[in-house]
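Colleague: Please take a close look at the charged side chains that pair up in this model. Start with one pair and work outward into the fold.

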Amino acid sequence: MLYMVGLGLGDERDITVRGLDAVRRCAKVYMEAYTSLLSLGLDPSALSNLEKLYGKEITVADREMVEERAEQVLREAADADVAFLVVGDPFGATTHTDLVVRAKNMGVEVKVIHNASVMNAIGVCGLQLYRYGETISIPFFTETWRPDSFYEKIQNNRRLGLHTLCLLDIRVKEPTLESLCRGKKVYEPPRFMTVNTAISQLLEVEELRGGSAYGADSLCIGVARLGSDDHKIVAGPMKKLLDVDFGPPLHCLIIVGETHPVEEEMLEFYMIKT
(Lines give C-alpha, C1' and ligand atoms only; values in the text may rest on other atoms or scores of the structure.)
Protein backbone atom coordinates (compact mmCIF):
# COMPACT_ATOMS: atom_id res chain seq x y z
CA MET A 1 0.00 0.00 0.00
CA LEU A 2 1.03 3.59 -0.63
CA TYR A 3 0.32 5.86 2.35
CA MET A 4 0.07 9.57 1.51
CA VAL A 5 0.69 11.19 4.89
CA GLY A 6 0.22 14.89 5.66
CA LEU A 7 2.77 16.29 8.14
CA GLY A 8 1.06 19.59 8.98
CA LEU A 9 2.94 22.87 8.99
CA GLY A 10 5.14 23.17 12.08
CA ASP A 11 7.70 20.55 13.01
CA GLU A 12 7.98 16.76 13.24
CA ARG A 13 5.41 16.66 16.07
CA ASP A 14 2.57 17.94 13.86
CA ILE A 15 2.00 14.53 12.29
CA THR A 16 -1.33 12.98 13.36
CA VAL A 17 -1.48 9.83 15.50
CA ARG A 18 -2.95 7.93 12.54
CA GLY A 19 -0.17 9.24 10.33
CA LEU A 20 2.52 8.21 12.80
CA ASP A 21 1.03 4.71 13.13
CA ALA A 22 1.09 4.34 9.33
CA VAL A 23 4.69 5.55 9.01
CA ARG A 24 5.89 3.14 11.66
CA ARG A 25 4.26 0.24 9.77
CA CYS A 26 5.99 1.08 6.48
CA ALA A 27 9.03 -0.63 5.01
CA LYS A 28 10.13 2.55 3.18
CA VAL A 29 9.51 6.23 3.91
CA TYR A 30 9.91 9.11 1.45
CA MET A 31 9.54 12.81 2.23
CA GLU A 32 8.59 15.25 -0.50
CA ALA A 33 10.78 18.34 -0.32
CA TYR A 34 10.04 20.83 -3.06
CA THR A 35 6.42 22.08 -2.87
CA SER A 36 6.85 23.06 0.80
CA LEU A 37 9.09 22.60 3.85
CA LEU A 38 8.54 22.11 7.54
CA SER A 39 9.76 24.99 9.69
CA LEU A 40 12.77 22.90 10.71
CA GLY A 41 14.05 22.78 7.11
CA LEU A 42 16.03 19.97 5.51
CA ASP A 43 19.45 20.06 7.18
CA PRO A 44 20.75 16.70 8.48
CA SER A 45 19.91 17.47 12.12
CA ALA A 46 16.34 18.34 11.19
CA LEU A 47 15.92 15.09 9.27
CA SER A 48 17.35 13.15 12.19
CA ASN A 49 14.64 14.67 14.41
CA LEU A 50 11.99 13.26 12.08
CA GLU A 51 13.71 9.89 11.88
CA LYS A 52 14.08 9.72 15.65
CA LEU A 53 10.39 10.42 16.33
CA TYR A 54 9.07 8.30 13.48
CA GLY A 55 11.49 5.45 14.11
CA LYS A 56 12.29 5.17 10.39
CA GLU A 57 15.00 6.17 7.94
CA ILE A 58 13.65 8.87 5.61
CA THR A 59 14.60 9.32 1.96
CA VAL A 60 14.22 12.91 0.78
CA ALA A 61 12.30 12.99 -2.51
CA ASP A 62 13.15 16.04 -4.60
CA ARG A 63 11.28 17.24 -7.70
CA GLU A 64 13.43 15.09 -9.98
CA MET A 65 12.64 11.90 -8.08
CA VAL A 66 8.89 12.53 -7.75
CA GLU A 67 8.27 13.71 -11.28
CA GLU A 68 10.77 11.54 -13.16
CA ARG A 69 11.30 8.42 -11.02
CA ALA A 70 7.89 7.95 -9.40
CA GLU A 71 7.69 4.45 -10.86
CA GLN A 72 10.38 3.34 -8.40
CA VAL A 73 8.28 4.45 -5.42
CA LEU A 74 5.15 2.83 -6.84
CA ARG A 75 6.89 -0.47 -7.62
CA GLU A 76 8.02 -0.62 -4.00
CA ALA A 77 4.47 0.15 -2.84
CA ALA A 78 3.16 -2.75 -4.94
CA ASP A 79 5.14 -5.21 -2.80
CA ALA A 80 5.28 -3.49 0.62
CA ASP A 81 3.86 -0.61 2.63
CA VAL A 82 5.47 2.69 1.56
CA ALA A 83 4.86 6.12 3.11
CA PHE A 84 5.08 9.34 1.13
CA LEU A 85 5.26 12.27 3.55
CA VAL A 86 3.95 15.64 2.43
CA VAL A 87 4.26 18.92 4.33
CA GLY A 88 0.76 20.28 4.95
CA ASP A 89 -1.90 18.09 3.35
CA PRO A 90 -1.22 15.46 0.66
CA PHE A 91 -3.47 17.17 -1.87
CA GLY A 92 -2.01 20.66 -1.56
CA ALA A 93 -0.10 20.22 -4.87
CA THR A 94 -1.09 18.68 -8.20
CA THR A 95 2.03 16.50 -8.28
CA HIS A 96 0.67 14.46 -5.40
CA THR A 97 -2.64 13.94 -7.20
CA ASP A 98 -0.65 12.67 -10.20
CA LEU A 99 1.17 10.20 -7.96
CA VAL A 100 -2.14 8.81 -6.67
CA VAL A 101 -3.53 8.48 -10.22
CA ARG A 102 -0.42 6.61 -11.34
CA ALA A 103 -0.60 4.33 -8.28
CA LYS A 104 -4.24 3.45 -8.95
CA ASN A 105 -3.48 2.80 -12.63
CA MET A 106 -0.78 0.34 -11.51
CA GLY A 107 -3.22 -1.37 -9.14
CA VAL A 108 -1.47 -0.07 -6.01
CA GLU A 109 -3.80 0.59 -3.10
CA VAL A 110 -3.61 4.14 -1.72
CA LYS A 111 -4.55 5.44 1.74
CA VAL A 112 -4.57 9.18 2.44
CA ILE A 113 -4.05 10.63 5.91
CA HIS A 114 -4.89 14.33 5.97
CA ASN A 115 -3.43 17.18 8.03
CA ALA A 116 -3.52 20.97 8.31
CA SER A 117 -2.36 22.96 5.29
CA VAL A 118 -1.91 26.61 4.38
CA MET A 119 -5.37 26.50 2.80
CA ASN A 120 -7.12 26.22 6.17
CA ALA A 121 -4.48 27.38 8.66
CA ILE A 122 -4.46 30.80 6.96
CA GLY A 123 -7.70 31.44 8.86
CA VAL A 124 -5.49 32.48 11.79
CA CYS A 125 -5.16 35.96 10.27
CA GLY A 126 -8.86 36.59 10.87
CA LEU A 127 -10.22 36.55 7.32
CA GLN A 128 -13.09 34.10 6.87
CA LEU A 129 -12.11 31.12 4.72
CA TYR A 130 -15.27 31.14 2.62
CA ARG A 131 -14.56 34.74 1.56
CA TYR A 132 -11.45 33.76 -0.44
CA GLY A 133 -11.41 33.58 -4.22
CA GLU A 134 -9.00 31.64 -6.44
CA THR A 135 -5.57 31.02 -4.91
CA ILE A 136 -2.58 32.12 -7.01
CA SER A 137 1.12 31.26 -7.15
CA ILE A 138 3.79 33.92 -7.67
CA PRO A 139 7.03 32.66 -9.25
CA PHE A 140 10.42 34.35 -9.06
CA PHE A 141 10.94 36.74 -11.96
CA THR A 142 14.10 36.44 -14.04
CA GLU A 143 15.62 38.85 -16.56
CA THR A 144 13.90 37.04 -19.43
CA TRP A 145 10.83 35.50 -17.75
CA ARG A 146 8.32 37.70 -15.90
CA PRO A 147 4.98 35.85 -16.02
CA ASP A 148 1.84 37.70 -14.96
CA SER A 149 -0.96 35.23 -15.69
CA PHE A 150 -2.03 35.54 -12.04
CA TYR A 151 -3.07 39.16 -12.64
CA GLU A 152 -6.52 38.37 -14.09
CA LYS A 153 -7.24 36.00 -11.20
CA ILE A 154 -6.50 38.73 -8.65
CA GLN A 155 -8.61 41.14 -10.70
CA ASN A 156 -11.55 38.71 -10.75
CA ASN A 157 -11.30 38.09 -7.00
CA ARG A 158 -11.23 41.82 -6.29
CA ARG A 159 -14.20 42.41 -8.58
CA LEU A 160 -16.16 39.92 -6.46
CA GLY A 161 -14.89 41.41 -3.20
CA LEU A 162 -12.97 38.24 -2.35
CA HIS A 163 -9.58 37.83 -0.68
CA THR A 164 -6.64 36.39 -2.68
CA LEU A 165 -4.18 33.97 -1.10
CA CYS A 166 -0.80 34.21 -2.85
CA LEU A 167 1.52 31.22 -2.48
CA LEU A 168 5.13 32.25 -2.97
CA ASP A 169 7.80 30.48 -4.98
CA ILE A 170 10.09 27.83 -3.48
CA ARG A 171 13.12 26.75 -5.46
CA VAL A 172 14.86 23.69 -4.05
CA LYS A 173 17.31 21.66 -6.16
CA GLU A 174 16.43 23.49 -9.36
CA PRO A 175 18.93 23.02 -12.23
CA THR A 176 20.47 26.17 -13.68
CA LEU A 177 19.51 27.06 -17.26
CA GLU A 178 23.17 27.00 -18.30
CA SER A 179 23.65 23.47 -16.94
CA LEU A 180 20.52 22.22 -18.75
CA CYS A 181 21.90 23.61 -22.02
CA ARG A 182 25.15 21.74 -21.41
CA GLY A 183 23.35 18.51 -20.54
CA LYS A 184 24.92 18.19 -17.09
CA LYS A 185 22.79 19.35 -14.18
CA VAL A 186 24.17 21.91 -11.74
CA TYR A 187 21.70 23.06 -9.13
CA GLU A 188 20.87 26.57 -7.92
CA PRO A 189 21.16 27.24 -4.18
CA PRO A 190 17.74 26.99 -2.44
CA ARG A 191 15.62 30.14 -2.62
CA PHE A 192 12.38 31.04 -0.90
CA MET A 193 10.36 34.06 -1.97
CA THR A 194 9.71 36.68 0.71
CA VAL A 195 6.59 38.77 1.15
CA ASN A 196 8.69 41.78 0.17
CA THR A 197 9.76 40.29 -3.17
CA ALA A 198 6.21 39.18 -3.92
CA ILE A 199 4.83 42.70 -3.33
CA SER A 200 7.61 44.26 -5.42
CA GLN A 201 6.78 41.94 -8.33
CA LEU A 202 3.03 42.50 -7.94
CA LEU A 203 3.48 46.27 -8.09
CA GLU A 204 5.65 45.91 -11.19
CA VAL A 205 2.91 43.89 -12.90
CA GLU A 206 0.21 46.40 -11.91
CA GLU A 207 2.28 49.22 -13.36
CA LEU A 208 2.63 47.34 -16.65
CA ARG A 209 -0.98 46.13 -16.87
CA GLY A 210 -2.67 49.23 -15.44
CA GLY A 211 -5.94 47.47 -14.64
CA SER A 212 -6.23 48.84 -11.09
CA ALA A 213 -6.55 45.34 -9.64
CA TYR A 214 -4.54 46.59 -6.64
CA GLY A 215 -1.99 49.26 -5.82
CA ALA A 216 0.58 50.49 -3.31
CA ASP A 217 -2.22 51.42 -0.87
CA SER A 218 -4.09 48.10 -1.14
CA LEU A 219 -4.50 46.32 2.19
CA CYS A 220 -2.52 43.06 2.41
CA ILE A 221 -1.46 40.58 5.06
CA GLY A 222 2.03 39.13 5.10
CA VAL A 223 2.39 35.77 6.85
CA ALA A 224 5.60 33.94 7.73
CA ARG A 225 6.15 30.43 9.16
CA LEU A 226 2.45 29.63 9.36
CA GLY A 227 1.78 26.89 11.90
CA SER A 228 5.00 27.47 13.84
CA ASP A 229 5.38 28.94 17.32
CA ASP A 230 7.28 31.92 15.89
CA HIS A 231 4.83 32.73 13.08
CA LYS A 232 4.58 36.37 12.06
CA ILE A 233 1.48 38.14 10.73
CA VAL A 234 1.51 41.79 9.69
CA ALA A 235 -1.34 43.65 7.95
CA GLY A 236 -1.05 46.97 6.15
CA PRO A 237 -0.81 48.69 2.77
CA MET A 238 1.49 47.04 0.23
CA LYS A 239 3.94 49.95 0.31
CA LYS A 240 4.39 49.64 4.10
CA LEU A 241 4.76 45.85 4.09
CA LEU A 242 7.66 46.27 1.65
CA ASP A 243 9.84 47.43 4.56
CA VAL A 244 8.81 44.76 7.10
CA ASP A 245 11.34 42.05 7.97
CA PHE A 246 9.27 38.85 8.03
CA GLY A 247 12.25 36.66 8.94
CA PRO A 248 12.96 33.11 7.75
CA PRO A 249 10.71 31.21 5.29
CA LEU A 250 8.15 30.11 4.40
CA HIS A 251 6.10 33.22 3.52
CA CYS A 252 2.71 33.80 1.94
CA LEU A 253 0.67 36.91 1.15
CA ILE A 254 -3.02 37.80 1.19
CA ILE A 255 -4.51 40.60 -0.87
CA VAL A 256 -7.54 41.63 1.18
CA GLY A 257 -10.94 42.01 -0.51
CA GLU A 258 -14.10 43.45 1.03
CA THR A 259 -14.15 42.86 4.78
CA HIS A 260 -16.83 41.95 7.32
CA PRO A 261 -16.81 43.87 10.65
CA VAL A 262 -15.67 40.72 12.48
CA GLU A 263 -12.73 40.37 10.05
CA GLU A 264 -11.83 44.04 10.57
CA GLU A 265 -11.85 43.57 14.33
CA MET A 266 -9.39 40.67 14.05
CA LEU A 267 -7.18 42.49 11.53
CA GLU A 268 -6.64 45.31 14.00
CA PHE A 269 -4.46 42.98 16.08
CA TYR A 270 -2.07 42.57 13.13
CA MET A 271 -2.17 46.06 11.65
CA ILE A 272 1.22 47.66 11.14
CA LYS A 273 1.88 50.45 13.62
CA THR A 274 2.63 53.79 11.95
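Modeller: Arg209 is partly exposed, at 33% relative accessible area. Keep in mind that this is a predicted model. The partner of Arg209 is Glu152, and the two form a salt bridge. Their closest N and O atoms are 2.0 Å apart. The bridge ties together parts of the chain 57 residues apart in sequence, because Glu152 sits in helix 7 and Arg209 in helix 9 (residues 195-209). Glu152 is partly exposed, with a relative accessible area of 33%.

Some salt bridges share partners: Glu71, Asp98 and Arg102 are joined into one network in this way. Take the Arg102 and Asp98 part of it. Their side chains meet in a salt bridge, N to O, at 3.4 Å. How many residues separate Arg102 and Asp98 in helix 5? They are 4 residues apart, about one turn of the helix, which spans residues 94-105. That spacing suits a pair, because an α-helix has 3.6 residues a turn and residues three or four places apart point the same way. Arg102 has a relative accessible area of 21%. That is over the 20% limit for buried, so Arg102 counts as partly exposed. Asp98 is partly exposed as well, at 37%.

Another pair is Glu134 with Lys153. Here the closest N and O atoms are 3.6 Å apart. This salt bridge links distant parts of the chain, 19 residues apart. Glu134 lies in the loop between helix 6 (118-121) and strand 6 (136-138). Lys153 lies in helix 7 (residues 150-159). Glu134 is partly exposed at 43% relative accessibility, and Lys153 is partly exposed at 32%. In total, the structure holds 10 salt bridges.

Now outward, to the fold. 5 strands form an open sheet with parallel pairing. Their order is 3-2-4-1-5. Which strands are at the edges? Strand 3 (58-61) and strand 5 (110-113) are, each pairing on one side only. From one strand to the next, the twist averages 20°. Strand 1 (residues 2-6) and strand 4 (residues 82-86) run parallel, joined by 5 bridges. Gly6 stands opposite Val86 of strand 4.

Two helices deserve a look as well. Helix 4 (residues 70-79) lies across strand 1, strand 2 (28-32) and strand 4. Helix 4 runs at about 150° to strand 2. In helix 1 (residues 17-25), the buried residues include Gly19, Leu20, Ala22 and Val23. These four are on the same side of helix 1, because they cover an arc of only 160° around its axis.

Last, strand 10 (residues 219-224). Is it enclosed or open? Strand 10 is largely enclosed by the rest of the structure, because 5 of its 6 residues are buried. Strand 10 runs antiparallel to strand 11 (residues 232-237), with 6 bridges between them. In that pairing, Gly222 has Val234 of strand 11 as its bridge partner. Strand 10 also runs antiparallel to strand 12 (residues 251-255), joined by 5 bridges. There Cys220 stands opposite Ile255.

Terms used:
Residues numbered from 1 in each chain as written. Predicted model: local features only at pLDDT ≥ 70, side-chain atom pairs only at ≥ 80, totals over all residues. Heavy atoms only, no water. Salt bridge = Lys/Arg side-chain N within 4 Å of Asp/Glu carboxyl O. Buried < 20%, exposed > 50% of the residue type's maximum accessible area, 1.4 Å probe, protein only. Arc of directions from axis to C-beta. Pairing = 2+ DSSP bridges. Axes fitted to C-alpha atoms, helices over the stretch in contact; angles between N-to-C directions. Contact = heavy atoms within 4.5 Å.
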